[in-house]
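Please read the following briefing alongside the sequence and the 3D view, which are shown next. The points are grouped by topic, beginning with strand pairing.

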Amino acid sequence: LYNNELSGQLPSELENLIGLTSLSLYNNFLSGEIPTQITNIENLTYLNLHNNELTGAIPESIGNLNNLLYLDLGNNDFTGEIPSGIGNLYSLIELNLNLNNLNGSIPYAIGNLENLTYLNLRNNELTGAIPTEIYNMQNLNYLSLRDNQIDGELESEIGNLINLEYLYLYNNQFTGEMPIEIGNLVNLVHLYLYNNLFTESLPNTIGNLS
């Protein structure tokens, strides 16, 4: 039902569609909170609510949808923290929560998503350091944390993300020296680190990013 002019709240009766595998409602005018009943549709592999006017917190029970491969809740007005239950979505390949008002730190449980290739948390109000568990997600191809308030240093473990092609960390509050292990990311095509508080000189290993 995407690209319509649907408005109002998501009906809790959606949970009756127990065989549903794909729910696509992006580019509408839906408002209100996500009813927790939606997280009872256990067969869902695709859930896209991007670009609506949804509010409230992302329900912790989102972790019940453990068959999800694709989850896009971007460009809404969600508030509160990213629920740690997202870490239960072990099959997830793409996760997009960008352009919301999410706050708090990135939950370490997100590191459980070892199959993830795409992670987009940009344009929120996230704080704290990058949890080291993210550096274990070696299938990541795209990582965007830009336009938040994330701080701390880039750990040397970032060099584990050897399949990254797109890394966007700009407009944050990262500090310290850029680790030499960034030179391990030899598949990078885009690297954006501007508007942070990095110090010292660029590591020579950046020349490995041919």
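In this predicted model, Gly32 stands opposite Leu54 in S5, a register that belongs to the parallel pairing of S3 with strand S5 (residues 53-57) over two bridges. These strands are part of an open sheet of nine strands with parallel pairing, and the points below follow that sheet before turning to the nonpolar core and the aromatic rings.

**The sheet and its strand pairs**

- The order of the nine strands in the open sheet is S1-S3-S5-S7-S9-S11-S13-S15-S17, and the twist from one strand to the next averages 15°.
- The edges of the sheet are taken by S1 and strand S17 (197-199), each of which has a single partner strand, so one side of each is left without a neighbour in the sheet.
- Strand S7 (residues 77-81) pairs with S5 in the parallel sense over three bridges, and within this pairing Asp77 in S7 is the bridge partner of Thr55.
- Strand S11 (residues 125-128) runs parallel to strand S13 (residues 149-153) and is joined to it by two bridges, with Thr127 standing opposite Gln149 in S13.
- S13 in turn pairs with strand S15 (residues 173-177) in the parallel sense over three bridges, where Asp151 stands opposite Gln173 in S15.
- S15 also pairs with S17, again in the parallel sense and over three bridges, and here Glu177 stands opposite Thr199 in S17.
- As a general point, strands of a sheet pair through backbone hydrogen bonds, either parallel or antiparallel.

**The nonpolar core**

- The largest nonpolar core has 54 residues, and those with the most contacts inside it are Leu47, Leu71, Leu95, Leu97, Leu113, Leu119 and Leu185.
- Leaving aside residues up to four places away in sequence, Leu119 touches Leu95, Ile110, Ile134, Met137, Leu140, Tyr142, Leu143 and Ser144.
- In soluble globular proteins, nonpolar side chains tend to be buried together.

**Leu121 and its surroundings**

- Leu121 is found in the loop between strand S10 (118-120) and S11, and it counts as buried because its relative accessibility is 1%, below the 20% cut-off for that class.
- With residues up to four places away in sequence again left out, the contacts of Leu121 include Ile82, Leu97, Ile106, Leu126 and Leu145, as well as Asn98, Ser144 and Asn148.
- Leu121 and Leu154 are 33 residues apart in sequence, and their C-alpha atoms are 17 Å apart in space.

**Aromatic rings**

- A search of the whole structure finds ten aromatic pairs, one of which is the stacked pair of Tyr2 and Tyr26, at 4.6 Å centre to centre and with 10° between the planes.
- This pair links distant parts of the chain, since Tyr2 lies in the segment before strand S1 (7-9) and Tyr26 in the loop between strand S2 (22-24) and strand S3 (29-32), 24 residues apart.
- Tyr2 counts as partly exposed because its relative accessibility is 43%.
- The rings of Tyr46 and Tyr70 have their centres 4.6 Å apart and their planes at 10°, so this pair is stacked.
- Tyr46 in strand S4 (residues 46-48) and Tyr70 in strand S6 (residues 70-72) are 24 residues apart, and their pair likewise links distant parts of the chain.
- Tyr46, at 25% relative accessibility, therefore counts as partly exposed.
- Tyr118, Tyr142, Tyr166, Tyr168, Tyr170, Tyr192 and Tyr194 form one aromatic cluster, and among them Tyr142 is also touched by Leu119.

How values were computed:
Residues numbered from 1 in each chain as written. Predicted model: local features only at pLDDT ≥ 70, side-chain atom pairs only at ≥ 80, totals over all residues. Heavy atoms only, no water. Phe/Tyr/Trp six-rings, centres within 6.5 Å; stacked < 30°, edge-to-face > 60°. Helix = DSSP H or I, 4+ residues; strand = E, 2+ residues; numbered from the N terminus. Buried < 20%, exposed > 50% of the residue type's maximum accessible area, 1.4 Å probe, protein only. Pairing = 2+ DSSP bridges. Axes fitted to C-alpha atoms, helices over the stretch in contact; angles between N-to-C directions. Core = buried A, V, L, I, M, F, W, Y, C linked by side-chain atoms within 4.5 Å. Contact = heavy atoms within 4.5 Å.
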